[in-house]
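These are my notebook entries on the structure shown here. I set down what I looked up, entry by entry.

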Amino acid sequence: MAVAQRPFLATVLLLVSSGLHCSSPVPACPEPCTCQSAPLLNCSSSSLSLVPQGIQDSVTDLDLSHNLLGSVTLDRPHYNLRNVWLGNNSITRLSLCIERNLGGRYDRGRHRLRPWSRRGCVSWAPTLQLLSVERNHLEQLPEGLEGSELLQVLQLSFNKISTLQPEDLSHLQQLTELHLQHNLITTLHPQMFQDLAQLRVLDLSFNMLTSLHPLMYLSLRNIGADVRLSENRWQCDCSMRGLRRWMAYDSSRSLKPWSVVCASPSILSGRDLLQLEEDDLNCFNTDNRPELHQDVTVYRGSEILLSCAAQGNTVKKV
């Protein structure tokens, strides 16, 4: 009886074996990328207009720079992905979210994520540490940054970003470097960076900033960040008095001052804010006379320095 079953078993094994050979396994290295170093998937300078499919879970570094990409997204979470380079593409909008899950739970096969935020973003790079998107066409920060809470370096220079909101970065407690030079930023919320306790480098040079609230100066000074502000459009008028007072106070304590070089008015153009006298920083009314009144906004928990007189340098800490 056992001998009679052997041809049947042999036939089944043959069919299973032939079926396996007919299937097309996902390539370990998607074309036209190279995988010379196992954790690195190098797809740079490959004229790509779409992200390659079949990126393996073992990939930790993904280089998609110098391509023709207009957008970038992956179809599932990649838990080992640490570094992503997207520079020198044509990206106008970037989202790290696979989907917006209102329930805060992602379940596709065996992949699960905890609720990353109230927004319910399921990130395709939940353990990302470096994101480089310089030299693209972004008009706002990447969406879904709150889903990559381990992010340490965010490189967004040479884009078209004009506005920032405090909630865009507040979840990035591990962020140490933020590069925003060569953008179109005109204003900054006073509390924009106060939650970034690990921040060590903040580059805002070559933007369109005209003034800076003293509260931002205080929060960044307390954090100890290296702040770069050159080549902005600083308007050295009465709105800059508070900033100058704090900078002068810190300079007297031998702390390294920020470099804020006036762009206007023309009489002060090219001069460093810290080298000016308070009387140089004037706002003029319609009669071209200096205004002695100035409204001051004070945020809870902040400190300000107020002048005690219309003239002179006497100041009072409150």
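Which residue just after α2 takes a positive phi? I found that Gly224 does, with a value of about 90 degrees. I note that the model is predicted.

**Entry on α2.** I looked up the burial of helix α2, which runs over residues 214–223. The helix is mostly covered, with eight of its 10 residues buried. I listed the buried residues as Pro214, Leu215, Met216, Tyr217, Leu218, Ser219, Leu220 and Ile223. I then looked up their packing partners: the buried residues of α2 pack against the strands β11 (201–203) and β12 (226–228) and against helix α3 (241–252).

**Entry on α3.** I turned next to α3 and checked its length. The helix has 12 residues, so at 1.5 Å a residue it should span 16 Å; the end C-alpha atoms are 16 Å apart, which agrees. The buried residues of α3 are Arg241, Gly242, Leu243, Arg244, Arg245, Trp246, Met247 and Asp250. Just after α3, I found a positive phi of about 65 degrees at Ser254.

**Entry on confidence.** I recorded a mean pLDDT of 82 for the chain, with 74% of its residues at 70 or more. Over residues 8–24 the pLDDT stays under 50, and the model has zero contacts for them beyond four places in sequence. Residues 102–118 also have pLDDT below 50, but in the model this stretch has 36 contacts beyond near neighbours in sequence. I add a caution: where pLDDT is low, the predicted coordinates should not be read in detail.

Technical notes:
Residues numbered from 1 in each chain as written. Predicted model: local features only at pLDDT ≥ 70, side-chain atom pairs only at ≥ 80, totals over all residues. Heavy atoms only, no water. Buried < 20%, exposed > 50% of the residue type's maximum accessible area, 1.4 Å probe, protein only. Helix = DSSP H or I, 4+ residues; strand = E, 2+ residues; numbered from the N terminus. Contact = heavy atoms within 4.5 Å. Expected span 1.5 Å × (residues − 1). pLDDT = per-residue confidence, 0-100.
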